[in-house]
Amino acid sequence: MIYTVTLNPSIDYVVKVEDFRLGTVNRVNTDYKYPGGKGINVSRVLKNMGIKSKALGFIGGFTGAYIKKYLEAEGIETDFITVKGDTRINIKLKADEETEINGAGPDITEENINVLFEKISKLTSNDYLVLAGNIQKSLSRDIYSKIQEKCISNDVKVVVDTTGESLIVTLKYHPFLIKPNKEELEEIFGVEMNTQEEIILYAKKLRDMGAQNVIISMAGEGALLICKNGVYHGSVPKGVVKNSVGAGDSLIAGFIASYSQNLDIEKAFKMGIASGSATAFSLDLCKREDVEKLLDQVKINKI
Ligand SMILES: Nc1ncnc2c1ncn2[C@@H]1O[C@H](COP(=O)(O)OP(=O)(O)OP(=O)(O)O)[C@@H](O)[C@H]1O
Ligand SMILES: O=P(O)(O)OC[C@@]1(O)O[C@H](CO)[C@@H](O)[C@@H]1O
């Protein structure tokens, strides 16, 4: 089974505003509400690809209940822990530029965390665990590595999608996959990277530090995969970007959807990129048929 953990889910409120002006009343042209948060996006894309997963994490209030209902209506199994505060609302403003305002999210108590630990400790070597997204202020920065500790002896394949120190401390437990984007890689090492060679150099350091597989996503420039077989670049298909929110999560979902079926890392990388692009070219997250249409356009080259 594939488990996704979203510590800080959100309702993503996507608003399109033509001629947006700061400091005045703006009226939306169109708006949409989706259940969001990185792990939840992974679960939704997996579902669209015909793969079962269970969404874990913390939800609260009417906003949390909305997310649970939405996911269950889509046929996604959930096992959320209910907390006291309200689940956050994240605003995704589509005007001339894309602007995001992400909420802080409710406080999580030690008791809440212990319930999550208990669920995680039951996972087995057949399971994948996706730990993705922002960590609320009330939680310690090393919460993902503490979650890893709970299932390390059970040989669970752990995927971590977070940034900075919270990511670095997970590496000692050899996560199966990490996926920083280029900007996050630059932030980790405090270095501006201008060439592919530089990006590969630093991505390799993350593998040396413990990650089994490293994907560096580079939006319209595609992605790099650093794994035990070597280094690969994947190009992206051509298309019109409609909403890139969740493109990175879709890359992860497409990768796991493929890898969990055939254990072929190159195929999984290709499927991941096609899924990321299919989401960037859609309003909501990608559907299986969108991904299949783009797959042949993704070219994987060994470097
Ligand atoms: N402009 C684009 N054109 C084609 N594909 C894109 C574009 N932007 C993103 N993608 C696809 O999505 C993947 C992930 O994108 P990106 O590097 O932006 O991830 P991210 O920063 O984690 O995204 P997010 O935080 O929005 O989910 C890329 O590798 C690519 O496959
Ligand atoms: O605040 P975080 O957890 O870093 O990011 C949350 C978020 O921006 O990530 C997803 C897209 O990747 C959205 O669904 C969600 O709103």
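## Strand E12 and its burial

Strand E12 is largely enclosed by the rest of the structure, because four of its five residues are buried. Buried here means that 20 or more other C-beta atoms lie within 10 Å of the residue's own. The model is predicted.

E12 covers residues 223-227. One neighbour is strand E13, residues 230-234, which runs antiparallel to E12 and is joined to it by five bridges. Another is strand E11, residues 213-217, also antiparallel to E12, with four bridges.

## The hairpins around E12

Two residues separate E12 and E13 in their hairpin. Cys 227 has Gly 230 of E13 as its bridge partner. Ala 223 stands opposite Gly 234 in E13.

E11 and E12 also form a hairpin, with five residues between the strands. Ala 219 takes a positive phi near 45 degrees in that hairpin. Ser 217 stands opposite Ala 223 in E12. Ala 223 therefore has an opposite number in E11, Ser 217, and one in E13, Gly 234, while E12 itself is largely enclosed, since four of its five residues are buried.

## From E13 to E14

The pairing continues past E13. Strand E14 comes from residues 300-302 and pairs with E13 in the antiparallel sense, over three bridges. Gly 234 stands opposite Ile 300 in E14. Gly 234 is also the residue that Ala 223 of E12 faces.

## The sheet E3-E2-E6-E7

A further sheet is open and has four strands, in the order E3-E2-E6-E7. Its pairing is mixed. Strand E3 (30-36) and strand E7 (98-101) are the edge strands, each pairing on one side only. From one strand to the next, the twist averages 20 degrees.

E2 and strand E6 (residues 88-94) run parallel and are joined by seven bridges. Within this pair, Val 15 stands opposite Leu 93 in E6.

## Helices H8 and H9

How do the axes of H8 and H9 cross? They come within 7 Å and cross at roughly 145 degrees. H8 passes H9 in a right-handed crossing. By class, their contact has 15 nonpolar, nine polar and one charged residues.

## Ligand 1

Ligand 1 is surrounded by 20 residues. The closest are Ser 217, Gly 220, Ala 247, Gly 248 and Gly 276. Ser 217 is the residue opposite Ala 223 of E12.

H8 and helix H9 (265-280) each supply at least two residues of this shell. The shell divides into 10 nonpolar, nine polar and one charged residues.

## Ligand 2

Which residues are closest to ligand 2? They are Gly 36, Asn 90, Asn 102, Gly 133 and Asn 134, out of 15 residues that surround the ligand. Three elements give two or more residues to the shell: strand E2 (10-16), helix H1 (38-48) and helix H8 (247-262).

By class, the shell has one nonpolar, 11 polar and three charged residues. For ligand 1, the corresponding counts are 10 nonpolar, nine polar and one charged.

## Shared elements

Helix H8 appears in both shells. It is listed among the elements giving two or more residues around ligand 2, and it supplies at least two residues around ligand 1. H8 also crosses H9 at roughly 145 degrees. Strand E2 links the ligand 2 shell to the four-strand sheet, where E2 pairs with E6 over seven bridges.

How values were computed:
Residues numbered from 1 in each chain as written. Chains lettered and ligands numbered in written order. Predicted model: local features only at pLDDT ≥ 70, side-chain atom pairs only at ≥ 80, totals over all residues. Near = placed C-beta within 6 Å. Nonpolar A, V, L, I, M, F, W, Y, C, P; charged D, E, K, R; others polar. Pairing = 2+ DSSP bridges. Axes fitted to C-alpha atoms, helices over the stretch in contact; angles between N-to-C directions. Left-handed = near helix turned anticlockwise from the far one by under 90°. Buried ≥ 20, exposed ≤ 12 C-beta atoms within 10 Å, placed from the backbone.
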